[in-house]
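Thanks for making the time this morning. I would like to walk through one model with you, slowly, and then take your comments.

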Amino acid sequence: MRLETRAPRRAPAVEEKRGELTRLETRAPKASDSIEDFDTDPPIFPTIFIKGPYGAPAQDYMKFDILLLIGLGIGATPFISIIKDLLSNIKPDGEDDETCSYLKGGKKYPDRAYFYWVTREQNSFEWFKGVMDDIAEYDQNKIIEMHNYLTSVYEEGDARSALIGMVQKMQQAKNGVDIVSESRITTHFARPNWRKVFSTLSNIHPSSRIGVFYCGSATLVKVLNELCHEFSLETSTRFQFHKENF
């Protein structure tokens with residue numbers, strides 16, 4: 001038997017395809033150029049939307065007569081900067097912090113500032129203990145009113161928090177130091193009654209512009225915004241709400 005071998009078939013040749021590369025160049029017109037040097041049809045560009053820039057909500061705090069600062073947990077951080085600014089204006093010359101000394105110079109500061117700090121962790125009060133001590137020492141005219149709230153303890157008046165409340169009052173009367181925050185600022189328990197806060201401010205500061213600045217979770221945004229609208233309509237005080245969520 002004779003075996004025949006055949007040469008393998010070659011695949012048909014494929015023509016190589018080349019793409020087209022277009023180069024576009026633009027240049028600024030010169031004074032010597034004539035209108036014929038350019039196309040008469042207007043160029044077509046995509047639509048670009050730009051949002052921003054966005055500044056910090058509390059950066060315009062000096063525009064208001066009164067400040068209501070509300071921070072939840074770490075949300076107190078931006079308001080501590082405002083408190084330091086106010087303190088730099090209160091401290092005698094030569095005793096202000098170097099970082100804040102440039103703020104003195106005839107600027108108009110708000111007449112009062114109410115700072116509500118709400119947190120679950122007692123250790124959180126250690127973050128700004130120095131600032132709280134400065135408020136107690138230098139703010140003799142009570143320009144800054146600070147309210148610390150610890151939500152992990154039952155509200156004042158509850159039998160379950162009566163013992164700690166009694167010890168707190170005795171310690172503060174004896175040494176002038178709050179046992180919860182370990183500062184001279186009294187710590188309240190549970191959560192603030194926000195309607196009562198707004199009602200008190202509208203009675204104390206009639207016909208004033210109050211800037212309400214909030215930094216924290218979104219849980220309080222709707223409540224505070226509605227209270228601002230309500231008391232702005234029903235009283236002569238005008239509340240303007242600013243928020244920053246995290």
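**A buried serine, three salt bridges and a helix**

Let me begin with Ser208, which counts as buried because its relative accessibility is 14%, and the cut-off for buried is under 20%. Please keep in mind throughout that this is a predicted model. Ser208 sits in a loop, the one that runs between helix H4, residues 194–204, and strand E5, residues 209–216. If we set aside its neighbours within four places in sequence, the residues in contact with Ser208 are Asp65 and Ile66, together with Ser236, Thr237 and Arg238.

From there I turn to the charged pairs. How many salt bridges does the count come to? The count comes to three, and I will take them one after another.

In the pair formed by Asp60 and Lys63, the side chains meet with an N to O distance of 3.8 Å. Asp60 counts as partly exposed, at 33% relative accessibility, whereas Lys63 is exposed, with a relative accessible area of 57%.

Next comes the salt bridge between Arg112 and Glu145, whose closest N and O atoms are 3.1 Å apart. This pair links distant parts of the chain, since Arg112 belongs to strand E2, residues 112–119, and Glu145 to strand E3, residues 144–150, with the two positions 33 residues apart in the numbering. Arg112 counts as partly exposed at 21% relative accessibility, and Glu145 is likewise partly exposed, with a relative accessible area of 27%.

The remaining salt bridge joins the side chains of Glu230 and Arg195, at 2.7 Å from N to O. Because Glu230 lies in helix H5, residues 221–234, and Arg195 lies in helix H4, the pair ties together parts that are 35 residues apart in sequence. Glu230 counts as partly exposed, at 24% relative accessibility, and Arg195 is partly exposed as well, with a relative accessible area of 43%.

Finally, I would like to look at helix H1, residues 77–90. What span should its 14 residues have, at 1.5 Å a residue? The expected span is 20 Å, and the end C-alpha atoms of H1 are 20 Å apart, so the two values agree. Within H1, the buried residues include Phe79, Ile80, Ile82 and Ile83, and further along Asp85, Leu86, Leu87 and Ser88 are buried too. What covers these buried residues includes strand E1, residues 66–72, and helix H2, residues 129–138, along with strands E2, E3 and E5.

That is where I will stop, and I am glad to take questions.

Definitions and conventions:
Residues numbered from 1 in each chain as written. Predicted model: local features only at pLDDT ≥ 70, side-chain atom pairs only at ≥ 80, totals over all residues. Heavy atoms only, no water. Helix = DSSP H or I, 4+ residues; strand = E, 2+ residues; numbered from the N terminus. Buried < 20%, exposed > 50% of the residue type's maximum accessible area, 1.4 Å probe, protein only. Contact = heavy atoms within 4.5 Å. Salt bridge = Lys/Arg side-chain N within 4 Å of Asp/Glu carboxyl O. Expected span 1.5 Å × (residues − 1).
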